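Colleague: Please give me a close look at a single part of this model, the central mixed sheet and what surrounds it. I should also like to know how far the coordinates can be relied upon.

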Amino acid sequence: MRRTLAAAVAAVLLLPLAGCADDASSTAHGGAAPAGKTVDGPKVKIMVGGLDKVIYLPAMLTQRLGFFAEAGVNVELLSEPAGVNATTALLAGDVQGAVGFYDHTIDLQAKGKIVESVVQFSQAPGEVEVVAAGRAAAIRSGADFKGKKLGVTSVGSSTDFLTKYLAVKNGVRVGEFSPIAVGAGQTFIAAMEQGSIDAGMTTDPTVATILSRQIGAVLYDMRTPEGSRSALGGLYPSSSLYMNTDWVEKNKDTTQKLANAFVKTLKWMASHSPAEIAAQMPADYAQGGAEEYAAAIKATLPMFTTDGVMPAEGPKTVLAVLGAFHPDVQGKEGTIDLAKTYTTEFVTKAATG
């Protein structure tokens, strides 16, 4: 009964932020990933908002490289189609960690829940606003969003938030365009091909497929720090390992093991080619072929940190974006303690250990 009640409470808390951790998984990689090597150490369940998304690549890569086992922790990776589901599982106590967008920590603090990013995978959203090939001449910036049908993962998602921010920043009011929930992967591509959307926000590998098939063109590329600063006014940390602060405080040794493993992966990624990284991932993640998948990883790699440390200016940018639209954050910006939304304690020790 307690678990059912916890799940219900978590679901209610997350309704306004539905789908906030980006795209729904483009394939049916739900459930659990194959278990890694078993070691004599603690067991941790981590829910990922789409294991096959390039923005969350460090989760599966860490397991494939054997770094969890090397760090002395047994990790079970679970997958849900969207990051909001990962957060729901975390709040319900079904898992000890979640891999999703950092913005959940700010939203949840506004609701009285203290959750923190323990390892910050990225310093940019990894998102791309893509315009349908036949609409490229009519949509050259956010100023042209007025009257358009714009694809997002789901209404209330991070793609929805960022789309609204780009519109308002360019003088278009939220009510002057239509956000259309189209998911990601094949559903997003089909919506663009069929004219259901004029443009939309998504991530790799969906972006790579769209470009290779010449279905659309890039309008805003936020896969790099430069792209994030240009579109959003600063670095926008997104994918991360976040956990309940209370659990972290009670399980510091286990948390340190996780940080050690993930930081080692981020360093490994920085010293290997996209093709080498792609070769370590499950073969079915490369739906468009090995070369296209490697190209998707190459385009997205700049978003990742090399040490798991939160970029200093990042939290303020995320707070500003959420404060512009999110009903639970707007007007409460002055009460949000950003220092409680992340910690660098464990990644700092991982880097020096």
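Modeller: The account below begins with the whole chain, turns to the sheet, and then follows the neighbouring parts.

The model is predicted, so local features need pLDDT of at least 70 and side-chain atom pairs count only at pLDDT 80 or more, whereas totals for chains, interfaces and linings use all residues. Residues are numbered from 1 along each chain as its sequence is written, and side-chain values use heavy atoms, with hydrogens and water left out. The mean pLDDT (the predictor's confidence in each residue, from 0 to 100) of the protein chain is 89, and 88% of its residues reach 70 or more. Residues 1-29 stay under 50, although the model has 95 contacts (heavy atoms within 4.5 Å) for them beyond four places in sequence. Where pLDDT is low, the predicted coordinates should not be read in detail.

The protein chain contains 15 helices and eleven strands (DSSP runs numbered from the N terminus: H or I of at least four residues, and E of at least two). Of its 353 residues, 59% are buried (under 20% relative accessible area; exposed is over 50%, and partly exposed is in between, with a 1.4 Å probe and protein chains only). Among contacts between residues at least 6 apart in sequence, 82% join residues at least 24 apart.

The sheet in question is open and has five strands in the order E8-E7-E9-E6-E10, with mixed pairing (two strands pair if DSSP finds at least two bridges between them). At its edges are strand E8 (178-181) and strand E10 (216-222), each of which pairs on one side only. From one strand to the next, the twist averages 25 degrees (axes are lines fitted to C-alpha atoms, for helices over the stretch in contact, and angles run from 0 to 180 degrees between N-to-C directions).

Strand E9 (residues 199-202) has E7 and E6 on either side of it in the strand order. E7 (residues 149-152) runs parallel to E9 and is joined to E9 by two bridges. E6 (residues 127-132) runs antiparallel to E9, with four bridges between them. Gly 200 of E9 is a point of reference for both pairings: Gly 151 stands opposite Gly 200, and so does Val 130. The side chains of E9 divide between two directions, Ala 199 and Met 201 pointing one way and Gly 200 and Thr 202 the other, and all are buried. In a regular strand the side chains alternate between the two faces of the sheet.

Beyond E6 comes E10: the two pair in the antiparallel sense over six bridges, and Val 131 stands opposite Ala 217 in E10. Helix H7 (residues 185-193) packs on the sheet and touches E6, E7, E9 and E10; the direction of H7 makes about 165 degrees with that of E9.

The loops around E10 and after E9 hold two backbone features. Pro 205 lies in the loop between E9 and H8, and a cis peptide bond with omega of about 10 degrees joins Asp 204 and Pro 205. Gln 214 is found in the loop between H8 and E10; although not a glycine, Gln 214 has a positive phi of about 55 degrees. Gln 214 is exposed, with a relative accessible area of 66%. Most residues other than glycine have a negative phi, and most peptide bonds are trans.

Two helices complete the view. Helix H6 (residues 158-169) has twelve residues that should span 16 Å at 1.5 Å a residue (1.5 Å times one less than the number of residues), and its end C-alpha atoms are 16 Å apart, which agrees. H6 is mostly covered, with ten of its twelve residues buried, among them Phe 161, Leu 162 and Tyr 165. Gly 171, with a positive phi near 85 degrees, follows H6. Helix H13 (residues 290-300) has buried residues that include Tyr 293, Ala 294 and Ile 297. What covers the buried residues of H13 includes helix H8 (206-212), together with helix H2 (57-64) and helix H12 (274-280). H8 is thus common to this cover and to the loops that hold Pro 205 and Gln 214.
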